[in-house]
Amino acid sequence: MEVYTTETEQVDAIKRFFVNNGKYIAVGLVLGIGAIVGWRYWQSHQTNQLQDTAIAFEQMNQSLASGSKEGLSAAEKFANETNNIYGVMTDMELAKQAADKNDLAQAEKYLLTASGKAKDKDMQALSDIRLARVQLAEGKTDAALKTLEQVKSKGWQLAVESIRGDILAKKGDTAGAREAYSRGLESQGTQALKEMIQVKLDNLSN
């Protein structure tokens, strides 16, 4: 790199730079401004799109609550076409309805889709916890344990250990179930759930 020792040389160097590169700088400025405008437009578009999706979700949810075949079809279509948090929530609601009808296989499919689609860690954790419960109800104890391993957040540990204890108890692993329930009691969480785990632990001891 050249070192300029006088102001005149520096000014001349700046002039030469803009003469030689002015066109490219102008293009760069235009592209830079365009990128900023484009980014703001994209953010605004994303916000508006999310708001529209929220309205569509609310309408779909009301239709699904009616229990009609049309409502179910509309919810499935919405879930398949919506790859964001509203799509995840729809899959979980569909799973709940399927489980209420004792269609556990279908509930499992919905929750697998929800877990794979979820980008938010808490939503994914919630999907996996519900999935593990369904798999336990199906008697798929090993699959349920594997599903619980995907939940890494400490904020969900209480629920995870409660379900893990249930799974191990069903497998006949009393010692493992006792350890899981005990870990749950040491975790952070609601007092109501801890009291429920304590009852499970007491029954296990008896």
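Is Arg-164 buried or exposed in this model? Arg-164 is buried, with a relative accessible area of 19%, so it falls under the 20% cut-off that defines buried. Keep in mind that this is a predicted model. The protein chain has nine helices and zero strands, and the notes below go from the overall picture to two helix pairs and a handful of individual residues.

**The chain as a whole**

- Reading along the sequence, you get α-α-α-α-α-α-α-α-α, in keeping with the count of nine helices and zero strands.
- The protein chain has 206 residues, and 32% of them are buried.
- Take the contacts in the protein chain with a separation of 6 or more: 47% of these come from residues 24 or more positions apart.

**Arg-164 and its surroundings**

- Arg-164 sits in helix 7, which covers residues 157–170.
- Setting aside neighbours within four places in sequence, Arg-164 is in contact with Leu-145, Leu-148, Ala-180 and Arg-183.
- Leu-145 and Leu-148 also turn up as helix 6 residues in the packing of helix 6 with helix 7, where Arg-164 is among the helix 7 residues.
- Arg-164 and Tyr-181 are 17 residues apart in sequence, and their C-alpha atoms are 8.0 Å apart in space.
- On the polar side, the side chain of Arg-164 makes a polar contact of 3.1 Å with the side chain of Glu-161.

**Glu-161, between two arginines**

- Glu-161 is another helix 7 residue, and it is buried, with a relative accessible area of 5%.
- What does the side chain of Glu-161 join in a polar contact of 3.1 Å, besides Arg-164? The partner is the side chain of Arg-183.
- So Glu-161 is a buried residue that has a polar contact with Arg-164 and another with Arg-183.
- Leaving out neighbours within four places in sequence, Glu-161 touches Ala-180, Tyr-181, Arg-183 and Gly-184.
- Ala-180 and Arg-183 are on the contact list of Glu-161 and on that of Arg-164.

**Gln-157, also in helix 7**

- Gln-157 belongs to helix 7 too, but here the side is partly exposed, with a relative accessible area of 29%.
- Gln-157 and Gln-188 are 31 residues apart in sequence, yet 7.7 Å apart in space, C-alpha to C-alpha.

**Helix 6 against helix 7**

- Helix 6 (residues 141–148) packs on helix 7 at an angle of about 160 degrees, and the axes are 10 Å apart.
- That angle makes helix 6 roughly antiparallel to helix 7, since angles over 145 degrees count that way.
- The crossing of helix 6 and helix 7 is left-handed.
- Helix 6 brings Thr-141, Ala-144, Leu-145 and Leu-148 to the contact, while helix 7 brings Val-160, Ile-163, Arg-164, Ile-167, Leu-168 and Lys-170.
- By type, the residues of this contact split into seven nonpolar, one polar and two charged.

**Helix 3 against helix 5**

- Helix 3 (residues 85–100) and helix 5 pack at an angle of about 15 degrees, with 11 Å between their axes.
- Helix 3 and helix 5 are therefore roughly parallel to each other, as angles under 35 degrees count as roughly parallel.
- The crossing of helix 3 and helix 5 is left-handed.
- The contact is made by Ile-85, Val-88, Met-89 and Met-92 from helix 3, together with Met-123, Leu-126, Ser-127 and Arg-130 from helix 5.
- Six of the residues in this contact are nonpolar, one is polar and one is charged.

**Ser-127, a closer look at helix 5**

- Ser-127 is in helix 5 (residues 121–137), and it is buried, with a relative accessible area of 0%.
- Not counting residues up to four places away in sequence, Ser-127 touches Val-88, Met-92, Leu-111, Ala-114 and Ser-115.
- Val-88 and Met-92 are among the helix 3 residues that make the contact with helix 5.

**Asn-102, a backbone detail**

- Asn-102 lies in the loop between helix 3 and helix 4 (104–117).
- Which sign does phi have at Asn-102? Phi is positive, at about 65 degrees, although Asn-102 is not a glycine.
- Most residues other than glycine have a negative phi.
- Asn-102 is exposed, with a relative accessible area of 61%.

Terms used. Residues are numbered from 1 along each chain as its sequence is written. This is a predicted model: local features need pLDDT of at least 70, side-chain atom pairs count only at pLDDT 80 or more; totals for chains, interfaces and linings use all residues. Side-chain values use heavy atoms; hydrogens and water are left out. Helices (H or I, at least four residues) and strands (E, at least two) are DSSP runs, numbered from the N terminus. Buried means under 20% relative accessible area, exposed over 50%, partly exposed in between (1.4 Å probe, protein chains only). A polar contact is a pair of N or O atoms within 3.5 Å; within protein, one must be able to donate a hydrogen and the other to accept it, and residues adjacent in sequence count only if both atoms are side-chain atoms. Contact means heavy atoms within 4.5 Å. Axes are lines fitted to C-alpha atoms, for helices over the stretch in contact, and angles run from 0 to 180 degrees between N-to-C directions. Angles under 35 degrees count as roughly parallel, over 145 as roughly antiparallel, 65 to 115 as roughly perpendicular and the rest as oblique. A crossing is left-handed if the near helix is turned anticlockwise from the far one by less than a right angle, and right-handed if clockwise. Ala, Val, Leu, Ile, Met, Phe, Trp, Tyr, Cys and Pro count as nonpolar, Asp, Glu, Lys and Arg as charged, and the others, Gly among them, as polar.
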